[in-house]
Amino acid sequence: MQTNFIPIDYDSFDWQGRNYIKVIGRNEKGKRICVIDSFEPYFWAILKPNLNESQIKKLQEKVQKISFENAGRQVRILKTIVEEKNFLSQPVKAVKIFINNYKDAHPVADHLDLPEIDKRRDYDIPIITRYIIEKQLLPLNWYSIKGEVLDNSDDFGGIGKALDVDLCLKVDSITPLVKSNPASFPLITLKKSVSESEPIFQPKVLAFDIETEEFEIGKGEILMISLAGKNFQKVLTWKKCKKLPDFVECFKNEEEMLEAFVKYIKSYSPDILTGYFSDGFDLPYLRARAQKLGVKLSLGLDESQPSFSRGRVLTAKLSGITHVDLFRFIETAYSQYLQSETLSLNEVSKELLNEEKHEFGKQLKKGMTISTEEEWQNFFAYNLQDSVLTYKLFEKLWYDMSEFCKVIQEPLFNVTRNGMSQLVELYLLHNLIKFNEIPEKRPLHNEISERMTLGKYEGAFVFRPTPGLYNNLAIFDFTSMYASVIVTYNLSKSTFLEKKEKNALEVDLGKSKAYFSKEKGFFPALLEEIIKKRKQFKTEFKKSPSPILKARSNAFKLIANAAYGYQGFFGARYYCREAAASTAALARKNILEVIEKIKKAGYEVIYSDTDSIALLLGKKTKQNVLDLLKKINSELPGIMELDLEEFYKRGIWVAKRTGEFGAKKKYALLDEKGKLKIRGFETVRRDWCSLARELQNQILKLILNEGNEQKALEVFKKTVKELKERKIDKKDILIRTQLKKPLSEYKAISPHVIAARKMMEKNEPVNIGMLVEFYISEVRSEKEKKLVREKVKLPDEKGEYNIKYYLEHQLIPAVENIFDGFNINIKEIVDGKRQMKLGEF
DNA sequence: GCTTTCGCTGTACC
DNA sequence: ACTGGTACAGCGAAAGC
């Protein structure tokens, strides 16, 4: 039997003590297919150098004899093969040790503490990753599978009968159909367009969302569940209503609603079940209620219930259906491209889809109780809307997720949950084979602790600006600077040298020196490939824009940008502090040299941060600047590249609040199209009230656009007047701060902690990661209640805003140093006014 | 009892 | 614990006078 196949979901299982892999996917006709494949587990014992043939033979015999019991299995060595491999770019002899069950790899490795063996490796990589590397059955790529039909077979405990699939095959052979894996694309431009060369796969997706009585997991009842897919929208409830809209289905009780939920998912038969924060809320809640009510939540294709794993956060897995929590993906990989301050479904949908949640949600959040018929109707519509938005968001993000999947060669489930360091590591692991490299082990607990004690190394260079308003600027920046430094100078764990060697690169780290081999290491080599591919797909995208190309170029960019942080991350297999410190040091050296060159060419450099430089055009032309850029580029080492980011009409830098120095990481620019680029100012900080943020934004606009500080001053005075006349809306004076840890762990009791405590008292949900909202109110006696936290009130708490606080701690600080640049002293103006007012009496 | 300094905390930049 | 370092600024409490 032969079928075409695109793998989506991967799982492993044991049968008669051996490992098997179960891959669920589709064929080109949309039939659901399960592929069962064998897996031959092995790991490596790297030999000490200079062992002779007979010593190795003897060792192999010794290893073959190892036998013990582990977890009810008799562990035996199936065979051993000696191979020439590389480890950390050094040639080694290694014994490939085959065993029955991969779960025994670690215990067997522990039994191999022998004098002939230098290191044991490749026993600690997740089994699915190992399988994908071994068999090259890559996620979301098309294959032709030949195999034996298991549909009515009792093999593997009758898995073919038990699974809810159209076809179940035991693999005989796997043949790739198209070269659609971007990691293996040749570095030449593809002749065909993406859509021609790769059949686009659109998975069957079902989005869901629940509404509950209480926020605490399992505490209250689940009132309703909504589902949204292609041409499919439904709300399930058990709350009786007289007049139900078409999309609502009412059940006798919560149990029956849960059973119907399972039934609908089965009949829709999605590849992907998606939710928003469903790892942490919807699925745990469903599990808790199902348990309590004795309902089986058999969502898996094998009738299994969701399984939960506890990491830093809860993760919910279904068997055969990939559960995607969009929030997790957005948080790790996508949030840096978003303006949204909270990453709530509401805000993210607004930004990405230009659609808002139902108005009803806002009232609901305020703790309204549902009683009238109309309110229930609204509630149903609101619930459905959440699933619809989630479904649309999934569609919007699908290419980003699927391209990530293909680039990293890991299943969707992992790719949407792993952090950037893990993704970088997985990318490396999947590509080591090109270098005949044996993977490094994960650091042990003591190694991690050791690495953590080392503290920081010197990072980026930031230029201290002189406060002021500047005209006609250009900004240069290095493309993927740290990544290109790593590639150019060959900085990595495997190229790091303990001692100075002939021909080695010497990097000055201030207190010490680090040395690196000039022989290309696999880490810089892979990174170079990543950067080149990023460039290739970016160029291709510009030629023929498609969301796939954009997502693919973006995936490579994200990996490239995370590579530097990875080498400095204590949990990394290829951790190398010296490489990370050297990367930062050489980046500093390069940017300082370029700054010197720009100055020598007759320009004034006014700012620089890490990989960018701001300079004044002065009497030079744009063409002069471009020529200079060309000249600098011709002199840059390796693959390093300086780009023109943009020309700007005007820019402003301000002084620090304390001292007369210019503040770093705080500036605003106006480009030639009249667009503002604001960095670091309160305008872009979510922990300032919108009154202060909007005022600052207006003032920056007036000053940059028109150079009109007097008009800006009038705007300021007007706002102050409104504040004093209590004309400001409460929503504009709310301060939002994130709760970063459990309330009890705070050593410093700041205003937001008090606000959270107040919420606790009112039985409102208080979770880590949530944004706490509050305002500062007037108090009877400022003398008795001096501390800000003593004036904290929740948004719906009765009270008046504190005029003095908002003036002195929000409005003035937000604009003070901007006006300072024009020798306008805001404080004097405000104080002067106050005296005048007193005089009026 | 007031001012200065410092640690804690959150957020942003790259 | 789940990429890195740099920087600013508010708040509250300790330190300094």
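Two strands are said to pair if DSSP finds at least two bridges between them. With that idea in hand, the sheets of this predicted model can be read strand by strand. Strand β19 (residues 468-478) and strand β25 (residues 642-655) run antiparallel and are joined by ten bridges. Within this pair, Phe476 faces Leu644 of β25, the two standing opposite each other.

The pair belongs to an open sheet of six strands, which follow the order β23-β24-β19-β25-β26-β27 with antiparallel pairing. At the edges of the sheet are β23 (604-609) and β27, each of which pairs on one side only. From one strand to the next, the twist averages 35 degrees. A helix also meets this sheet: α20 (residues 690-706) lies across β19, β25, β26 and β27, and its direction makes about 115 degrees with that of β25.

A second sheet takes another form. Here five strands close into a barrel, in the order β1-β2-β3-β10-β9, and the pairing is mixed. The twist in the barrel averages 45 degrees from one strand to the next. Helix α3 (residues 127-135) packs on the sheet, where it touches β1 (2-15), β2, β3 and β10 (167-176); α3 runs at about 140 degrees to β1. One of the pairings in the barrel links strand β2 (residues 18-26) to strand β3 (residues 32-38), in the antiparallel sense and over seven bridges. In this pairing, Arg26 is found opposite Arg32 of β3. Helix α4 (residues 155-162) lies across β1, β2, β3, β9 (143-149) and β10, at about 135 degrees to β1.

Helices also pack on one another. Helix α15 (residues 481-489) meets helix α18 (residues 577-600) at an angle of about 100 degrees, and their axes are 9 Å apart. Because angles of 65 to 115 degrees count as roughly perpendicular, α15 is roughly perpendicular to α18. On the α15 side, the contact is made by Met481, Tyr482, Val485, Ile486 and Tyr489; on the α18 side, by Thr583, Ala584, Leu586, Ala587, Asn590 and Ile591. Nine of the residues in this contact are nonpolar and two are polar, with no charged residues.

A further helix pair joins α13 (residues 420-431) to α17 (residues 547-567), again at about 100 degrees and with axes 9 Å apart. The angle makes α13 roughly perpendicular to α17. Met420, Ser421, Val424, Glu425, Tyr427 and Leu428 of α13 come together with Phe556, Leu558, Ile559, Ala562, Ala563 and Tyr566 of α17. Sorted by class, the contact holds ten nonpolar residues, one polar and one charged.

Finally, the protein meets DNA strand B. There are 20 residues around DNA strand B, and Asp611, Tyr667, Gly680, Gln738 and Tyr746 come nearest. Of the DNA strand B atoms that come within 4 Å of the protein, 89% belong to sugar and phosphate. Strands β26 (662-671), β27 (676-679) and β28 (735-738) each supply at least two residues of the surface near DNA strand B. This surface divides into five nonpolar, five polar and ten charged residues.

Particular atom pairs add detail to the picture. A backbone N or O atom of Asp609 lies 3.5 Å from a sugar or linking oxygen of DNA strand B. Bases are approached too: an N or O atom in the side chain of Lys665 is 3.0 Å from a base oxygen of DNA strand B, and a polar side-chain atom of Arg685 is 3.1 Å from a base nitrogen of DNA strand B.

Key: Residues are numbered from 1 along each chain as its sequence is written. Chains are lettered from A and ligands numbered from 1 in the order in which they are written. This is a predicted model: local features need pLDDT of at least 70, side-chain atom pairs count only at pLDDT 80 or more; totals for chains, interfaces and linings use all residues. Side-chain values use heavy atoms; hydrogens and water are left out. Axes are lines fitted to C-alpha atoms, for helices over the stretch in contact, and angles run from 0 to 180 degrees between N-to-C directions. Helices (H or I, at least four residues) and strands (E, at least two) are DSSP runs, numbered from the N terminus. Angles under 35 degrees count as roughly parallel, over 145 as roughly antiparallel, 65 to 115 as roughly perpendicular and the rest as oblique. Contact means heavy atoms within 4.5 Å. Ala, Val, Leu, Ile, Met, Phe, Trp, Tyr, Cys and Pro count as nonpolar, Asp, Glu, Lys and Arg as charged, and the others, Gly among them, as polar. A residue is near a molecule or strand if one of its heavy atoms lies within 4 Å of it. A polar contact is a pair of N or O atoms within 3.5 Å; within protein, one must be able to donate a hydrogen and the other to accept it, and residues adjacent in sequence count only if both atoms are side-chain atoms.
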